[in-house]
Amino acid sequence: MTHLSPAEFVDLVDGTLAASRAAHAESCAECRREAALVRSTLREAQGVEMPEPSPLFWDHFSDRVRGAVAEERRSRHAGWFSWSSNLTRGTVPVAVAAGLVVALLVNGVMTRRTAEAPGAAASHAPASTAHVVAPKDDAALDAANSEVWDVLTAAAADMQIEDAREAGMTVRPGAIDRAVQKMAPDELNELGRLLQSELKHSGA
Amino acid sequence: MLARTWSWPAASGSKVTVTNPTDAELVDAALAGDREAFDAIVERHRRHVYQLCYRFVGNHEDASDLAQDVFVRAYRGLKKFRGQSSLGTWLYRIGVNVCLNRLGTRTPKPEAIEPLLLANDERVASQAESPTDALLRGERERRVRAAIAQLPKKQRATLILRVYHELPHEQIAGILGSSVGAVKANFFHAMNNLKKLLQ
């Protein structure tokens, strides 16, 4: 009868080897010696204990994982903000505020277009017509936007991106890029000015 | 934390509510946006994951870093967890990969006696063991750990999962992506190599 295979030696040590093969192991000196070596080495390995961490460690560990996962979640959510990724590193409230600036400006652009071409789909209006608005309407819109801006910046001051998202203040991926592309030059200038102003105030 | 009620929307549109969730239910809740569900997963599996990492690297600092990495990767890949294996097996698989990758890039630091870890070490408080015996045992364990660290990666992983986590060969095969026969052969060769290294 052939000697035990490596897998059969493991079964022998586990006590799951078929009876006929186990009988061979009993009668074969070479297999017996090999099995004894496996058993003694296994005992040596089993004798190496592992120190148990302090119970305090587990809470600390969970906190660390929670923090790392939150960071992971934040960076995932920041994907739609990649065009201004520097803002999202350590200056999340500023990033939220900046996003809201864009939303506000987009809202302003859409409102103007709707006012200019009633009944027409705002997204189909040519960008070059966005600035053709009566000064009186501009002043009224600016006043209204200023009020909305005050409310939004106050709300965003202590808000994290994920909280803004949960509050329904979300922007679809690519929407910001598209909105910015449709802005008139003076609107782009204003956006740049506002972002620079926010960055300066935040010290980012 | 585990005693609370967990709710999440089911695929049918109805709401599922459970009080003592299974791992699969916690995964569903975590995927539905319940942050505490993932905390509960961590709480449930952290000990095994940490112990696995410790057995690979042999020191507390690296083991905690690696264990944290395992859970972050698990969070990242939770959507891909299909439930063909248990969550524990899946976490072990991530853990083995993380540890083997680390071993490929860095030599583990030699283990030091760390005060944090000794807090619960019953052997330290034991009156039965003389200082000489404790010293000899410590030296023997150090030699075995050093020998295990020299084993080929797959043999080492098999030995750790079998001897220290007492996993069945079938589960180890699932974790390592091998056949059961290959796992048993690996284990046998690990024992033989270990014996040679200890002589």
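Me: A crossing of two helices is left-handed if the near helix is turned anticlockwise from the far one by less than a right angle, and right-handed if clockwise. In this predicted model, in which hand does α4(A) pass α2(B)?

Reply: The two elements concerned are helix α4 (residues 55-77) of chain A and helix α2 (residues 35-57) of chain B, whose axes come within 10 Å. With the hand defined by the turn of the near helix from the far one, the crossing of α4(A) with α2(B) is right-handed.

Me: Are α4(A) and α2(B) parallel or oblique to each other?

Reply: Two packed helices are described by the angle between their axes and the distance between the axes. Here the axes of α4(A) and α2(B) cross at roughly 130 degrees. An angle over 145 degrees would count as roughly antiparallel, and one from 65 to 115 as roughly perpendicular. The relation of α4(A) to α2(B) is therefore oblique.

Me: How many charged residues does the contact of α4(A) with α2(B) have?

Reply: On the side of α4(A), the residues that meet α2(B) include A:Asp59, A:Arg66 and A:Arg73, while those of α2(B) include B:Arg35, B:Asp39, B:Arg46 and B:Arg47. By class, the contact has eight nonpolar residues and one polar residue, and its charged residues number seven.

Me: Is B:Ser64 buried or exposed?

Reply: B:Ser64 lies in helix α3 (residues 60-76) of chain B. Leaving aside neighbours within four places in sequence, B:Ser64 is in contact with A:Phe57, A:Phe61, A:Arg64 and B:Tyr50. Its relative accessibility is 3%, and because a value under 20% meets the cut-off, B:Ser64 counts as buried.

Me: How many of the 12 residues of α8(B) are buried?

Reply: Helix α8 of chain B covers residues 153-164, and its end C-alpha atoms are 16 Å apart, which agrees with the span expected at 1.5 Å a residue. Among its buried residues are B:Leu159, B:Ile160 and B:Leu161, together with B:Arg156 and B:Arg162. The helix is largely enclosed by the rest of the structure, because the number of its residues that are buried is 10.

Me: Which residue just after α8(B) takes a positive phi?

Reply: The last of the residues 153-164 that form α8(B) is B:Tyr164, which is buried. Just after this helix, a positive phi of about 50 degrees is taken by B:Glu166.

Me: What percentage of the residues in chain B is buried?

Reply: Chain B comprises 10 helices and two strands, and from the N terminus its elements begin β-β-α. Of its contacts between residues at least 6 apart in sequence, 57% join residues at least 24 apart. Among the 199 residues of chain B, the buried share is 48%.

Conventions: Residues are numbered from 1 along each chain as its sequence is written. Chains are lettered from A and ligands numbered from 1 in the order in which they are written. This is a predicted model: local features need pLDDT of at least 70, side-chain atom pairs count only at pLDDT 80 or more; totals for chains, interfaces and linings use all residues. Side-chain values use heavy atoms; hydrogens and water are left out. Axes are lines fitted to C-alpha atoms, for helices over the stretch in contact, and angles run from 0 to 180 degrees between N-to-C directions. Helices (H or I, at least four residues) and strands (E, at least two) are DSSP runs, numbered from the N terminus. Angles under 35 degrees count as roughly parallel, over 145 as roughly antiparallel, 65 to 115 as roughly perpendicular and the rest as oblique. Contact means heavy atoms within 4.5 Å. Ala, Val, Leu, Ile, Met, Phe, Trp, Tyr, Cys and Pro count as nonpolar, Asp, Glu, Lys and Arg as charged, and the others, Gly among them, as polar. Buried means under 20% relative accessible area, exposed over 50%, partly exposed in between (1.4 Å probe, protein chains only). The expected span of a helix is 1.5 Å times one less than its number of residues.
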